[in-house]
Amino acid sequence: MLVDLLSSQIVRTVMLGAALVGGLSGMIGVFAVLRRQSLLSDTISHAALPGVCLGFLLVGGRDLGAVMGGALFTGMVAAMSVLAIGRLTPLKTDAQLGIVLSVYFAIGVVLLSVIQAMGGGSRVGIATFLFGQAAALSVHDVRILGAVFIVAALFLLTLWKEIKLVTFDPLTAEALGLPVRHIELGLTVLLALTIVAGLQMAGVVLMVAVLIAPAVAARQWVGNLGAMTIVSMLIGAFAGAGGALISATGRGLATGPIVVLLACAVVLISILAAPRRGLVWQALSAQLARRRISGDRVLLAMDRLATDHDNPAYPSEKGMLETMLGRPLPRVMRRLEASGLVRPVAHHPESSPHWVLTQAGRRRAEALRRTGHGPE
Amino acid sequence: MMVAAFFDSIPAMILLTGVLVGAAAALPGVFLVLRGNAMLTDAISHSIVFGVIMVWLLTRELSGPVQLIGAGLTGVLTVALTEALTRTGLVRTDAAIGLVFSMLFAAGILLIAIFARQVHLHADTILLGEIGFVWMRTTPVMGIAVPVSVLMLGVVLVLNLAFVVLFWKELKLATFDPALAAALGFAPATLHYTLLTLTSVTAVAAFDAVGPVLFIAFVIVPPATALLMTRRLALIVPLAIALATLASVSGYVLADHWNVAIGGMMATMTGVLFVAVLSARALKRQLQHRRAVPDDPAPRP
């Protein structure tokens with residue numbers, strides 16, 4: 001079944017197109033996430049709907065070039081509208097975004113009904129832009145997507161250092177005399193171009209997730225911008241190609257939701273399992289730290305008893321240690337025995353357990369005392 | 001008899017639905033816009049798709065009280081998930097919002113595609129709503145066939161109105177001075193969650209008519225427009241409802257005239273009114289500025 005699918009020329013074309021879109025989104029999404037433009041991206045992609053319809057109406061059919069041109073136009077006008085509302089009114093950012101997102105989408109819905117009223121096969125082609133249908137990608141479309149990918153990659157590579165500085169420290173960039181406004185404009189145009197390129201695969205509603213999920217996942221694994229961009233591209237390409245393949249297995253499943261769920265699964269795994277930042281890792285290292293501290297406190301207490309009794313091999317009694325530390329200690333003592341820091345001894349005629357510090361335990365206690373860690 | 005004739009009239013029912021959506025959405029909308037939480041509406045209304053399909057799978061009910069309760073739960077789930085994701089410190093708020101609602105929306109759309117293809121549930125209808133067909137599903141109320149959407153929206157409108165009137169003082173204080181509200185023991189967090197729950201409930205009541213995205217326009221745009229016209233909270237609320245009503249009525253007339261999507265045209269009209277008020281405001285400022293110049297000539301050397 002899978003081999004059949006992969007050997008089909010159409011499926012391979014569609015998967016290549018979806019991987020290109022996913023990779024492109026991953027690459028540009030990094031900057032959208034770092035520059036806190038997730039909700040602006042959502043606004044641009046919803047606002048692309050009237051542009052999609054305009055492109056469709058102008059050429060009278062589903063031509064990806066025309067549709068992308070229209071979508072880029074209304075997407076950019078929407079981004080400018082957000083800026084204009086911000087300048088002209090006291091409304092907060094989220095209200096600016098919400099107004100533009102919903103009103104442009106509404107205009108798109110009206111235009112959509114105009115196209116659907118014209119009837120014929122055209123309405124099938126246009127509805128796929130709502131939820132995305134990668135299967136509609138043709139070889140010609142994939143060439144366009146490849147060209148967009150190359151343009152975006154070239155832009156990033158040429159201006160890498162400048163873009164990095166503008167992303168992380170725009171004030172310094174400005175002080176150094178970089179054309180910050182132009183670079184920011186370039187990045188926003190690139191963002192809109194990426195969103196528009198992804199619409200056929202992901203649809204206007206879910207494009208934002210295709211854009212930001214790979215970047216959020218990549219951030220958990222690596223801390224360096226270059227590595228993050230590459231990892232994010234790979235995750236995006238994987239989600240795109242995987243989603244296209246699953247939706248190609250038939251049953252008429254839209255591609256967008258599948259790609260988004262795949263990408264979100266990667267985000268979830270990353271947030272849980274990524275080394276150092278991941279939640280599982282954090283919980284484990286917190287537990288290790290707690291264990292080490294409680295072991296250290298027992299060693300120091302035994303060392304204090306030995307010093308007070310002037311006997312390095314003083315056998316500390318269980319109940320006495322538990323009273324000193326204020327809690328039961330069976331697991332801590334077992335761990336200390338296992339790491340060879342204490343040794344159980346019998347202390348006749350008492351029947352309760354006793355321990356003495358081993359050579360290694362004394363050394364560690366002394367080190368703890370010297371460096372001032374642990375309770376004194 | 002006249003009442004029955006009113007509820008039998010298709011245009012009257014479409015108009016009434018539009019007006020009810022606008023009024024019910026504007027009530028929580030005013031406070032969301034003022035508090036800077038407007039984009040949570042975007043998240044909630046998309047997530048509602050997941051809630052609607054889950055409730056449908058469990059109870060086979062597409063409307064009624066279970067759907068309203070399901071919507072409330074979904075809204076709280078969305079906000080709680082977003083906050084949990086932000087609290088890990090691994091994801092920023094804006095990205096967390098975008099991820100959570102997309103995930104729930106995607107899951108909802110897939111569940112619909114897999115389980116509910118033969119039913120009235122269809123992904124396109126879910127996204128855009130169909131206000132032109134709300135009159136088709138009715139339920140008898142005191143012997144009169146009332147559209148289910150109208151009934152649900154009416155109940156939600158009363159609910160929202162009661163909340164805003166009863167907690168007016170608390171809402172006002174929590175919106176403009178959350179720190180003082182907390183100090184006085186007004187529990188601004190509880191108020192915040194109640195507001196978001198009511199928004200979700202309103203979203204699901206409006207769902208059949210306008211879908212999740214156009215709903216955002218009704219929540220955000222009329223309150224934002226009213227905010228540009230006055231700074232007095234007591235005036236903003238009725239003004240927002242009036243603007244929403246005007247948008248619904250004019251949108252319906254234009255949609256009927258041009259034969260285009262009714263819900264889309266109503267939402268578009270909220271935007272047209274916003275631009276009109278924005279332009280009038282800018283023009284007024286310019287005139288005031290120009291008048292101010294001859295009154296106050298610059299001192300000559």
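In this predicted model, chain A is divided into two domains, with domain 1 covering residues 2-277 and domain 2 covering 281-371. Their C-alpha centres lie 59 Å apart.

**A helix with two sides**

Let us look at helix α7 of chain A, residues 139-158. Its 20 residues reach 29 Å from the first C-alpha to the last, close to the 28 Å expected at 1.5 Å a residue. Which residues of α7(A) are buried? They are Asp141(A), Val142(A), Leu145(A), Val148(A), Phe149(A) and Leu156(A). Viewed down the axis of α7(A), these buried residues fall within an arc of 120°, so they line one face of the helix. As for their partners, the buried residues of α7(A) pack against four helices of chain A: α2 (9-34), α4 (64-88), α8 (160-168) and α10 (180-221).

Turn to the other side of α7(A) and you meet exposed residues: Val139(A), His140(A), Ala147(A), Ile150(A), Leu154(A), Leu157(A) and Thr158(A).

**Where the chains meet**

How many residues does each chain bring to the contact between A and B? Chain B gives 50 residues and chain A gives 50 residues. On the side of chain B that touches chain A, the elements giving two or more residues are α3 (38-59), α5 (93-115), α6 (123-128), α10 (188-229) and α12 (262-295) of chain B. Of these, α5(B) supplies the largest share, 13 residues. Sorted by class, this side of chain B has 34 nonpolar residues, 12 polar ones and four charged ones.

**Two loop residues with positive phi**

Two residues deserve a look for their backbone. Arg276(A) has a positive phi although it is not a glycine, and Met142(B) likewise has a positive phi in a residue other than glycine. The table sets out their values and places.

| Residue | Phi | Loop |
|---|---|---|
| Arg276(A) | near 70° | between α12 (255-273) and α13 (279-308) of chain A |
| Met142(B) | near 50° | between β1 (138-141) and β2 (144-147) of chain B |

Are these loop residues buried or exposed? Arg276(A) has 10 C-beta neighbours inside 10 Å and therefore counts as exposed. Met142(B) is exposed too, because 6 other C-beta atoms lie within 10 Å of its own, and a residue with 12 or fewer counts as exposed.

Conventions:
Residues are numbered from 1 along each chain as its sequence is written. Chains are lettered from A and ligands numbered from 1 in the order in which they are written. This is a predicted model: local features need pLDDT of at least 70, side-chain atom pairs count only at pLDDT 80 or more; totals for chains, interfaces and linings use all residues. The expected span of a helix is 1.5 Å times one less than its number of residues. A residue is buried if 20 or more other C-beta atoms lie within 10 Å of its own, exposed if 12 or fewer, and partly exposed in between; C-beta atoms are placed from the backbone. The arc is that of the directions from the helix axis to the C-beta atoms. Two residues are in contact if their C-beta atoms, placed from the backbone, lie within 7 Å. Ala, Val, Leu, Ile, Met, Phe, Trp, Tyr, Cys and Pro count as nonpolar, Asp, Glu, Lys and Arg as charged, and the others, Gly among them, as polar. Domain bounds come from an automatic or database domain assignment.
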